[in-house]
Structure formats: C-alpha cells, structure tokens
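Please open the model in your viewer and keep a selection panel at hand. The stops below move from one site to the next, each with something to select and a short account of what is there.

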Amino acid sequence: MPAISNNLQLIGTTFPVRAKASVDSSVLGANSQNAILPSMRISYLECTRCGEHLSADRPQNVCPKDGGVLFVRYDLASLKGKLRREDLSGRVASMWRYAEVLPDADPVTLGEGFTPMLPSREFAHVFIKDEGLNPTGSFKARGMSAAVTMARHYGLKKLAAPSAGNAGGALAAYAAAAGIEAHIFMPKDVPLANRMECDYYGAHVTLVDGLISDCGRLVAELKEKESWVKEKCFDVSTLKEPFRVEGKKTMGYEVAEQLGWKLPQGIIYPTGGGVGMIGMWKAFDEMEELGWIGSERPKMITVQAAGCAPIVKAFEAGKATSEVWLDAATFAAGLRVPKAYGDYLILDILKKSHGTAVAASDEEILAAMRHWASVEGVFAAPEGAASLVAYQKLRASRFFRAEDKVVAFNTGSAYKYLDMIEAQEKKARPEALTARNIGGIIGPY
Ligand SMILES: [Zn+2]
C-alpha cells in the first residue's frame with residue numbers, strides 16, 4: 001500500500017479504492033458507519049457550452065467542438081439516499097471527506113481543504129472562510145490536488161500551466177508529491193514566495209515579461225510541439241481540464257456542512273479565473289441532487305481589483321462574456337487576470353443567483369488587509385481582503401442587511417505576499433514602514 005494511504009489510516013479514514021466493489025473493512029476507522037461508499041466511476045464529462053458528452057477514460061482539455069469548459073458528471077441519482085450528509089461525520093478533515101463526489105483515483109493529498117469557517121468578530125452574521133490555511137497557503141491546493149490525482153491516474157509525466165502565482169506553487173507541490181514534472185509559466189513580477197516555492201518543489205519555472213495571458217500563450221505554443229504528446233505532457237491551465245473545478249467545488253460542500261446545511265444569503269468570492277465560484281455553484285447543484293440541500297442559493301458576489309475588473313465591467317453592462325482588460329495592474333496578483341476563460345459561466349452564476357460584482361482599489365484592499373488582521377486576527381492575502389471591501393460596500397449600498405448571513409472568502413495567506421505588501425505600503429505611505437510599531441528592538445543578543 002502506498003505510504004500516503006498509511007498516513008491517512010492513522011487518522012482513522014479511508015478512501016475509495018478504484019475498481020473495487022466494496023471497501024475493505026480492515027482499512028476503515030473504528031466507526032465503520034462512516035465508511036466511504038464503494039467507488040463510483042465518473043459517468044462522463046459534459047461540455048458547459050453545447051452539452052456534448054466526452055469520456056473520462058483519457059485526459060481531456062476542453063470541448064473539441066467549441067472550446068467549452070468540461071464538467072465532471074457523476075451518477076448522483078444512484079447515490080441519493082445511500083450517501084447521507086450524516087455519513088460525513090468523523091471522516092478525514094480534508095476535501096477528500098467528500099470522496100464519493102470526487103474522482104475515484106488514489107488521491108495525491110497534502111491535507112487540503114476543510115479549512116476554518118471563522119465567525120467574524122466585527123459583524124455578527126459574517127463568516128470568514130480561511131483558505132490561507134491550505135497546503136501552499138491558498139485555495140489553489142484543492143484544484144491541484146484533484147488535477148494531479150487524475151494526472152497520475154492517467155499516467156501523465158509532465159504538467160504545464162500558466163499562473164499568476166499561487167496556482168503555480170500549488171501545482172509544483174502536488175506534482176512533487178506525485179513524482180510528476182511541473183512546468184510553470186509566471187509573470188516575472190509574481191510574489192517572491194511563488195518563485196521560491198516552485199524552485200524548491202523542483203518545478204521548471206519560466207518567468208515571462210508579461211501577464212498570465214502571455215504565459216498562457218506560451219503553454220499553447222508548447223502544445224504545438226511534436227514532443228508534447230510523446231512525452232505525456234498535459235495542460236492543466238485554469239478551466240482547460242475538468243478536475244481543478246472538482247477540487248475547488250469542495251469549498252461549496254464545506255460552506256454547507258460547516259453552516260449546518262443551511263446555505264448563507266451571500267458568498268463573496270475574489271474572482272480572477274473564477275474557478276472557486278464556478279466550482280461552488282456546481283457543488284450546490286450536486287448537493288441538491290443528493291437531497292442534502294433545497295433549491296435556495298446564496299447571492300454570489302464577485303470581487304475584483306479596480307485595476308483589473310473585466311467581470312465587473314461585463315456584469316454592469318449586462319453582457320454574457322467579458323472583454324480583455326487592458327493594462328491590468330494590481331498588487332492582488334491572483335486578480336490580475338485580464339480575461340477569465342470561464343467568464344460566461346461566472347456571469348451566468350452572478351445573474352442566476354441575483355448576485356453582483358464589485359471592484360476594490362489597491363488602497364481599499366491594503367486598508368482592508370490591515371483591518372482584518374487587527375480586528376479578526378486573519379492575515380489575509382490581498383485578494384481575500386478584497387472580500388471585506390466588497391462586504392463593506394454592499395452593506396453601505398443596502399445590498400446586504402446586517403442580519404444577512406454572508407460568507408467572505410479569504411482565498412490565501414498574506415505570508416505569500418510579504419514583498420508585494422511592503423512595496424504597496426511604501427507606495428501608500430513612504431515614511432510609514434520604518435517608523436511604525438517598531439519602537440523597542442533590543443539587541444544585539
Ligand atoms: Zn461543446
């Protein structure tokens with residue numbers, strides 16, 4: 001048995017074993033009623049544009065007809081009634097506790113997911129879902145755990161992706177854990193932590209003089225090479241393979257489970273590529289099919305940086321897709337996505353959920369970071385702190401009332417951005433950094 005399964009058995013859990021009709025009772029925790037149901041296969045992959053069905057028996061990127069994003073579909077009808085939400089109690093505190101609605105392969109896991117749902121100290125009905133506590137310090141761990149799990153299952157050898165920073169770090173870590181090569185293309189001005197971690201995880205890093213969209217073009221060029229297929233390479237770019245959504249959708253399952261299976265009135269999600277929001281929306285539909293929740297949905301709120309807000313612009317104009325944002329600039333590196341591949345899905349969710357889209361300036365984000373840190377004890381990534389800006393604006397505009405239950409996502413840890421934060425502080429208050437709060441360094445020791 002692989003070492004990773006042994007580790008997980010120590011904390012009293014098990015995973016579905018592919019192609020086994022039943023779970024071996026000797027690998028279950030003491031409480032066997034928490035057993036994961038027998039392995040279920042993915043029914044098919046479905047194009048979100050034209051509805052075409054594709055096989056999940058081999059790696060797939062996007063719909064060959066129209067480039068639509070592919071969603072993984074399971075046989076949820078046969079699970080309904082058999083898998084009850086009570087069955088989750090006592091399972092592993094990671095996203096793999098939802099094993100029956102995840103790909104049935106041996107997971108490549110570093111303990112991602114089941115992050116804290118912190119009641120706000122400031123607002124009685126607000127919760128902060130702290131994704132900064134994931135392996136590699138961001139929600140990207142979830143998507144990469146699922147994508148790399150399936151890449152190993154398919155026997156792929158090299159994975160390539162463009163990244164604004166944290167996705168690269170997560171891919172590098174999971175690829176290292178799986179013994180697969182990672183090839184990461186990042187803008188040359190990504191946070192230092194992202195460059196460092198990719199290097200240490202042993203990834204091949206290309207720094208690009210441009211934005212994530214330019215990095216994406218380089219990955220597309222690689223795919224044209226003859227060696228691409230021969231060397232079992234695969235493109236795991238955002239929404240260009242179906243499994244990162246599967247990992248990130250577990251945030252939706254967690255919101256429901258951690259709030260006692262009652263979804264909140266609103267969810268604020270910092271939106272770069274938008275996969276977190278797309279995944280959660282998928283999770284809500286799945287949970288309804290499983291009979292775990294009703295048909296009510298939270299208002300889904302996109303927050304973007306004012307310096308790169310293509311979804312906000314498109315939403316305000318009532319458009320179904322967005323346009324490329326020119327001269328994208330913000331220190332919230334993960335929000336510097338000039339055009340999301342899944343923009344049509346995000347805009348559809350905002351509309352269907354009666355949600356909205358909000359922009360936050362870098363100055364507002366920086367102030368919100370300090371506020372959350374000092375009031376809540378949460379040192380949020382700039383992207384995450386943008387959620388607080390959005391909440392404040394939506395309260396001021398009376399979109400949300402004080403009694404509305406709202407989940408604000410902190411998508412990552414500020415520890416990944418120390419260099420960016422310092423630079424931003426210097427820009428905002430040149431004299432501040434040296435003067436403030438330092439008084440009293442004692443030394444030398
Ligand atoms: Zn299609």
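Begin by selecting Cys47, which is buried, with a relative accessible area of 3% (buried means under 20% relative accessible area, exposed over 50%, and partly exposed in between, with a 1.4 Å probe and protein chains only). Before going further, note that this is a predicted model, in which local features need pLDDT of at least 70 and side-chain atom pairs count only at pLDDT 80 or more, while totals for chains, interfaces and linings use all residues. Residues are numbered from 1 along each chain as its sequence is written, and side-chain values use heavy atoms, with hydrogens and water left out.

Now add the zinc ion to the selection: its protein donors are Cys47 (SG), Cys50 (SG), Cys63 (SG), Asp66 (OD) and Asp66 (OD), lying 2.3 to 2.5 Å from the ion. Donors here are N, O and S atoms within 2.8 Å of the metal (3.2 Å for Na, K and Ca), and since water is not among the atoms, sites may look incomplete. Along the sequence, the donor residues follow the spacing C-x2-C-x12-C-x2-D. Cys47 lies in strand E1 (residues 42–47) and Asp66 in the loop between strand E2 (53–54) and strand E3 (70–74), so the pair ties together parts that are 19 residues apart in sequence. Helices (H or I, at least four residues) and strands (E, at least two) are DSSP runs, numbered from the N terminus. Unlike buried Cys47, Asp66 is partly exposed, with a relative accessible area of 32%.

Next, select Ala146, which lies in helix H3 (residues 140–154) and is buried, with a relative accessible area of 0%. Leaving aside neighbours within four places in sequence, Ala146 is in contact with Met95, Trp96, Phe243 and Gly247, where contact means heavy atoms within 4.5 Å. Add Glu246 as well: Ala146 and Glu246 are 100 residues apart in sequence, yet 6.6 Å apart in space, C-alpha to C-alpha.

Finally, display the open sheet of six strands, ordered E4-E5-E13-E10-E11-E12 with mixed pairing; two strands pair if DSSP finds at least two bridges between them. Strand E4 (117–119) and strand E12 (356–360) stand at the edges, each with a single partner strand, so one side of each is left without a neighbour in the sheet. To look at one of these edges, select strand E11 (residues 299–305) together with E12, which pair in the parallel sense over five bridges, and find Thr302 opposite Ala357 in E12.
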